[in-house]
Amino acid sequence: MISVSKLLCDLDAEGDGLRYDAAAESEKAQIRERKQRRPVVVWNCTKQCNLYCDHCYAAAETEPAPGEMTTAEGKQFLDELAAFGAPVVLFSGGEPLAREDLVELVAHASDAGLRPVLSTNGTLLTEERAAALREAGLKYVGVSVDGMPERNDAFRGQDGAFDRALAGIEASQSAGLKTGLRYTITRHNADDLEDVVDLLADRGVDRFCFYHLDYGGRGAEIRDVDLTPDERRAAVRRVCDLTREYHDAGHEIETLLVGNYADAGYLVEYARRELGEAMADRIRGYLLTNGGDPTGERIADVDYQGNVHLTQFWQGYSLGNVRDRPFGDIWTDESNPLLGALRDREAHLTGRCAGCQYQDICRGASRLRALSAGDDPFGPDPQCYLTPEERGVDGESGVPGAAD
Amino acid sequence: MKDEPVSTDMSDPDADPDSPEPGEPALDSAVGAPRGDVTREWELFVREESGDPLTHAGSVSAPSAEIAREQAERLFGWTAETLWLCPADETRRFAADGVPLSERAEAGTPDRHGGEEA
């Protein structure tokens, strides 16, 4: 996760302490230094969802799935996460609001010392439920919207999903919860990006998370609508420009890019062109602290059955199951050669990643996309859109068009 | 055994956790919850060099043994000398020393979500 607004406009926000070590200069609550060594844990606490989205990495279904962790198991699991030192638990799904015990689990997480946050499609979020979640200690709600109404509803498989998501956003805001947008950019909705930001910024939403498509679950089946390198470059540039335009107009929005650390290299190059060498160097320093792609290190996922995954998108492979061993024992067990190699991936990356000057702030981006596209977990990420010049490599063909 | 429901394969007499062999440690059964509903799960074992032990290295989701093998090779082909795959639903898992989550969880906690019965 890369905070574009922080890097380009020097905004501060909760959570930046985890990503940029900004705790010392922030007046807002920050995650402590000692916890940064542990992963943020996404818990897909149910596979059930009331929508059926084209890009769902969890391949969620409208019917309940067997083997879902019980309330008691969930609480014990949360206790073990807290004891391990995980800073944040992100309740996701499926649709987490499909779990009747969500408020109880959020309260338990908060009491255990975790920072509970929620990823939801928003359509089941009523004012009463939002208030109960806030009372339980929920810190943040991210609502998924993937375009203006027509495109969003087609993508999400239900007419009216856009309006119901907006109602959920309003319910969350009314309860006093910090509320943001989650938006996966594809060829279907790239043109809607600016209109969605304008619409929601007018409604008081000030945090926008833009996701690159990862090739997990149903996301692997829609690679044909993934952006081309040139389209991706244009979309990321638009996010950068939009952030600065809002900032210059006195309306500070927080914008983040998720899921493709080629963005780190692009942001340095963007800053060099638009803001000068000193700013580019400063941004690179922040991104170095950030640490590049977090797969298998700073992000972890546990699914509804307790299987532990390297990221939330990589559901097809599991390191182990928390029903067998506590999460921390699984996560620190580097007898698994893949886990160990991912944590030492600089020694394993091949192809264009091997000699890239931005390897230290990117770390090869998505290993899942590399695996999906090239059958090699250490091969190049097909979504990289940096030019050979930007990567510090001369004479290479088959790369995106001219840099801008 | 606590009140936690167990998967049907644990009712197999060959794996009856309540009937350990004499002299064997008491085995718990509650690690037998389903692993993957839509797609079959395959436990994965890797040996990196011929003198190394065969090590459990997680599991892959795949609809057939052949696809599971392909996935395992993609994940571990760069380092593995040997790969073994076992259908998770045909694998009996017992906790002799560790305690499974369902029993680590607070005993007697009202389960308002139903778990496997949901």
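Student: How much of chain B counts as buried?
Tutor: In this predicted model, 32% of the 118 residues of chain B count as buried.

Student: And what secondary structure does chain B have?
Tutor: Chain B comes to two helices and three strands, and, reading from the N terminus, its elements follow the order β-β-α-β-α.

Student: What share of its contacts comes from residues that are 24 or more positions apart?
Tutor: Among the contacts in chain B with a separation of 6 or more, 59% are between residues 24 or more positions apart.

Student: Which strands make up the sheet that chain B takes part in?
Tutor: It is an open sheet of four strands, with the order 11(A)-2(B)-1(B)-3(B) and antiparallel pairing. The edge strands are strand 11 of chain A and strand 3 of chain B, each of which pairs on one side only.

Student: How many bridges hold strand 1 and strand 2 of chain B together?
Tutor: Five bridges join strand 1, residues 41–47, to strand 2 of chain B, and the two run antiparallel. If you want one pair to look up in the structure, Phe45(B) has His56(B) in strand 2 as its bridge partner.

Student: Which helix packs on that sheet?
Tutor: Helix 1 of chain B, residues 65–76, packs on the sheet, where it touches strand 11 of chain A as well as strand 1, strand 2 and strand 3 of chain B. The direction of helix 1 of chain B makes about 140° with that of strand 3 of chain B.

Student: Back to the strand from chain A, how many bridges does strand 11 share with strand 2 of chain B?
Tutor: Two bridges join strand 11 of chain A to strand 2 of chain B, which covers residues 55–61, and these strands run antiparallel. Ser318(A) has Ser59(B) as its bridge partner in strand 2 of chain B.

Student: How many residues does each chain put into the contact?
Tutor: Chain A contributes 37 residues and chain B contributes 36 residues. On the side of chain A that touches chain B, helix 3, strand 11, strand 12 and helix 13 of chain A each supply at least two residues.

Student: Which of those gives the most?
Tutor: Helix 3 of chain A gives the most to that side, with six residues. By class, the residues on the side of chain A that touches chain B divide into 14 nonpolar, 13 polar and ten charged.

Student: Sticking with helix 3, how does it sit against helix 4 of chain A?
Tutor: The axes of helix 3 and helix 4 of chain A come within 9 Å and cross at roughly 25°. Angles under 35 degrees count as roughly parallel, and therefore helix 3 and helix 4 of chain A are described as roughly parallel to each other. Helix 3 of chain A passes helix 4 of chain A in a right-handed crossing.

Student: Which residues meet there?
Tutor: From helix 3 of chain A the list includes Thr71(A), Lys75(A) and Leu78(A), and from helix 4 of chain A it includes Glu104(A), Leu105(A) and His108(A). The residues of this contact divide into five nonpolar, three polar and three charged.

Student: What about helix 4 and helix 5 of chain A?
Tutor: Their axes come within 8 Å and cross at roughly 20°, and helix 4 of chain A passes helix 5 of chain A in a right-handed crossing. The contact is made by Val103(A), Val106(A), Ala107(A) and Ser110(A) of helix 4 and Ala132(A), Leu133(A) and Ala136(A) of helix 5. By class, this contact has six nonpolar, one polar and no charged residues.

Student: New topic, how many strands are in the open sheet of chain A?
Tutor: Eleven strands form that open sheet, in the order 1-8-7-6-5-4-3-2-9-10-12, and the pairing is mixed. Strand 1 and strand 12 of chain A stand at the edges with a single partner strand each, so one side of each is left without a neighbour in the sheet.

Student: Why is strand 6 of chain A described as largely enclosed?
Tutor: Eight of the eight residues of strand 6 of chain A are buried, so the strand is largely enclosed by the rest of the structure. Both of its faces are covered, with residues including Arg182(A) on one side and Tyr183(A) on the other.

Student: What does strand 6 pair with?
Tutor: Strand 6 of chain A pairs in the parallel sense with strand 5 of chain A over five bridges, and also in the parallel sense with strand 7 of chain A over five bridges. Gly142(A) stands opposite Gly180(A) in strand 6, while Thr184(A) stands opposite Tyr211(A) in strand 7.

Key:
Residues are numbered from 1 along each chain as its sequence is written. Chains are lettered from A and ligands numbered from 1 in the order in which they are written. This is a predicted model: local features need pLDDT of at least 70, side-chain atom pairs count only at pLDDT 80 or more; totals for chains, interfaces and linings use all residues. Two residues are in contact if their C-beta atoms, placed from the backbone, lie within 7 Å. Ala, Val, Leu, Ile, Met, Phe, Trp, Tyr, Cys and Pro count as nonpolar, Asp, Glu, Lys and Arg as charged, and the others, Gly among them, as polar. Two strands pair if DSSP finds at least two bridges between them. Axes are lines fitted to C-alpha atoms, for helices over the stretch in contact, and angles run from 0 to 180 degrees between N-to-C directions. Angles under 35 degrees count as roughly parallel, over 145 as roughly antiparallel, 65 to 115 as roughly perpendicular and the rest as oblique. A crossing is left-handed if the near helix is turned anticlockwise from the far one by less than a right angle, and right-handed if clockwise. A residue is buried if 20 or more other C-beta atoms lie within 10 Å of its own, exposed if 12 or fewer, and partly exposed in between; C-beta atoms are placed from the backbone.
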